[in-house]
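Got your viewer open and a selection box ready? Let's walk through this one stop by stop.

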Amino acid sequence: LNAAIRRITLAQTAVPVLCGSALKNKGVQLLMDAITKYLPAPNECKLDFVRCYGDDLCALAFKVVHDKQRGPLVFVRIYSGTMKPQSAVYNINKNCIERMSRLLLPFADQQIEIPALQAGNIALTVGLKQAATGDTIVSSKSAAAAAARRAGKESGKKAKEQEDPVLATVEIPEPVFFCTIEPPSMAKQPDLDHALVCLQREDPSLKVKIDPDSGQTILCGMGELHIEIIHDRIKREYGIDAYLGPLQVAYRETITQSASSSGTLDRTVGEKRNLVTAEISVRPWLGEGTMLLPLIEISDPIMEQFSKETLHAVENGIKTSCLQGPLLRFPVQDVVVALQSLSVHPGTSLAMISACVSRNVQKALKQAQSQVLEPVMSLEITVDEKYLSVVLADLAQRRGSIQEIQNRQDSRVALASVPLAETMDYSTVLRTLTSGNATFTLEFSNYEAMNLQDQNMLFNKVMGMV
């Protein structure tokens, strides 16, 4: 029987189902036995990608935790080769070489030091300072280059066209909520900065940035619960009673028309004259999907005329100007920026070139009829038949759009899309409306343009007029 179950599981024609309770420690041992009996061993499921490494080390860092005594501990899954302590490894994602001091085998909250570990196992490494969740760890840079050449031969691509051979990682969407975070005193600011750096390594979906105008630290996350958990961890693990500002939705801006702008920046710093003249045009990007960063177009004559450093300064100026839109200072997306002409006086600094380009891009964006985009979520609600109408009525008040209503055994499943701003405290409201007889899942879908009425209401709210 076991051989038959294993055979159909490996053929993916059936899926074994086991029942148990981790809380009461029921069925956990049977589940672990079933994994060894029915699922393929590491040497039986060689991925085509991993095969390019042969016997060289290839591992995936999938979790990072911080220990007060030992520093960052990185969990890695070894896909090929052997990992040994006191050895140098190459991080493909960070493009750096790190030295691993110790190799541990984790058993719940205990770790056993080991001399080596082979493919198929999970190890805990000590000493990796740069590795973060999702990074690919290999034995050396030359091993990664050799694997890329093998992968290129199999796919028929040239060596220059072949990308770095990294393992597939979790796709992290952009944060949709943000709030300010402040320490209880200025003396605690370095400790808070250290805590946020550690938490970002552990959680790639957490983003931290500094507001260029106010200097405040901005915490960006995937939802209310996400930010609350981060706040609780800062207090519990790092002993910092940080203050969180009000939760805000991460809106974005775009343009609906084409526009152009030209201008000259003439500044004398010391005895050095800085003179730059630039002409910039912007237009909406009409391709598929979403383009978070501006698409920069520079003609061949301009690229041949100026150095790489000058062109890099131009790109920096364009990207900086798109960080804050002309309407409500939200990031600008889905925009194409073209450099029409550029004139630079000899001896002009790169910072002045970036400043001139940034100023002209901002002028062009103001003339291009900007529009606010709001994040829209995909909502799935499972509810009893008798509460369906009241749930749908509540969704209509939240500017929700019902996509489909399905039957699932004795319950109804409503699939809808709703603006993120309308989902604040929705779990409490739904529990009240249905007397606790409903569940829901919420997932980011896309950004959509706001109508003029909602945009004006948002403008008044941001400006403190309501």
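**Stop one: the end of a helix**

Select S435, the residue that follows α11: its phi is positive, near 55 degrees. Keep in mind as you go that this is a predicted model.

Now step back into α11 itself, residues 426–434, and show the side chains of Y426, L430 and T434, which are its buried residues. Look down the axis of α11: these buried residues fall within an arc of 50 degrees, so they line one face of the helix. The spacing fits a general rule: an α-helix has 3.6 residues a turn, so residues three or four places apart point the same way. What do the buried residues of α11 pack against? Colour β21 (370–384), α10 (388–397) and β24 (438–449), and you have the packing partners.

**Stop two: the cores**

Next, select I181, L192, L219, I234 and Y251. These are the residues with the most contacts inside the largest nonpolar core, which has 30 residues. To see where that core comes from, show β11 (177–182), α5 (189–202), β13 (217–221), α6 (224–238) and β21, the elements that give it two or more residues. The largest share, four residues, comes from β11.

Zoom in on L192 and leave aside its neighbours within four places in sequence. What is L192 in contact with? You should find I181, E182, P183, I234, I240 and A242 around it.

Then move to V314, I318, V335 and A364. They are among the members of a second, separate core, this one of 28 residues.

**Stop three: salt bridges**

There are 14 salt bridges in the structure, and three of them make good stops. Start with E113 and R102, whose closest N and O atoms are 3.2 Å apart. E113 sits in strand β7 (residues 110–113) and R102 in strand β6 (residues 102–107), so this pair ties together parts that are 11 residues apart in sequence. Switch on a surface and both ends turn out to be partly exposed: E113 has a relative accessible area of 48%, and R102 has 28%.

Go on to D232 and R236, a salt bridge with its closest N and O atoms 3.1 Å apart. Here both partners belong to helix α6; they are four residues apart, about one helical turn. Buried or exposed: which is R236? R236 counts as exposed, at 55% relative accessibility, while D232 is partly exposed at 40%.

For the third, pick E380 and R408, whose side chains meet in a salt bridge at 3.6 Å, N to O. This pair links distant parts of the chain, with E380 in strand β21 and R408 in strand β22 (residues 401–408), 28 residues apart. E380 is partly exposed at 27% relative accessible area, and R408 is partly exposed too, at 41%.

Before you leave the charges, select E202, D232, R233, R236 and E237 together: salt bridges that share partners join them into one network.

**Last stop: the cysteines**

How many disulfides does the structure hold? Zero. To see why for C96, draw a distance from its sulfur to the closest cysteine sulfur, the one in C58: the gap is 16 Å, too far for a bond. While you're there, check how covered these two are. C58 counts as buried, at 0% relative accessibility, and C96 is buried as well, with a relative accessible area of 18%.

Definitions and conventions:
Residues are numbered from 1 along each chain as its sequence is written. This is a predicted model: local features need pLDDT of at least 70, side-chain atom pairs count only at pLDDT 80 or more; totals for chains, interfaces and linings use all residues. Side-chain values use heavy atoms; hydrogens and water are left out. A disulfide is a pair of cysteine sulfur atoms within 2.5 Å. Buried means under 20% relative accessible area, exposed over 50%, partly exposed in between (1.4 Å probe, protein chains only). The arc is that of the directions from the helix axis to the C-beta atoms. Contact means heavy atoms within 4.5 Å. A nonpolar core is a set of buried Ala, Val, Leu, Ile, Met, Phe, Trp, Tyr and Cys residues joined through side-chain atoms within 4.5 Å. A salt bridge is a side-chain nitrogen of Lys or Arg within 4 Å of a carboxyl oxygen of Asp or Glu.
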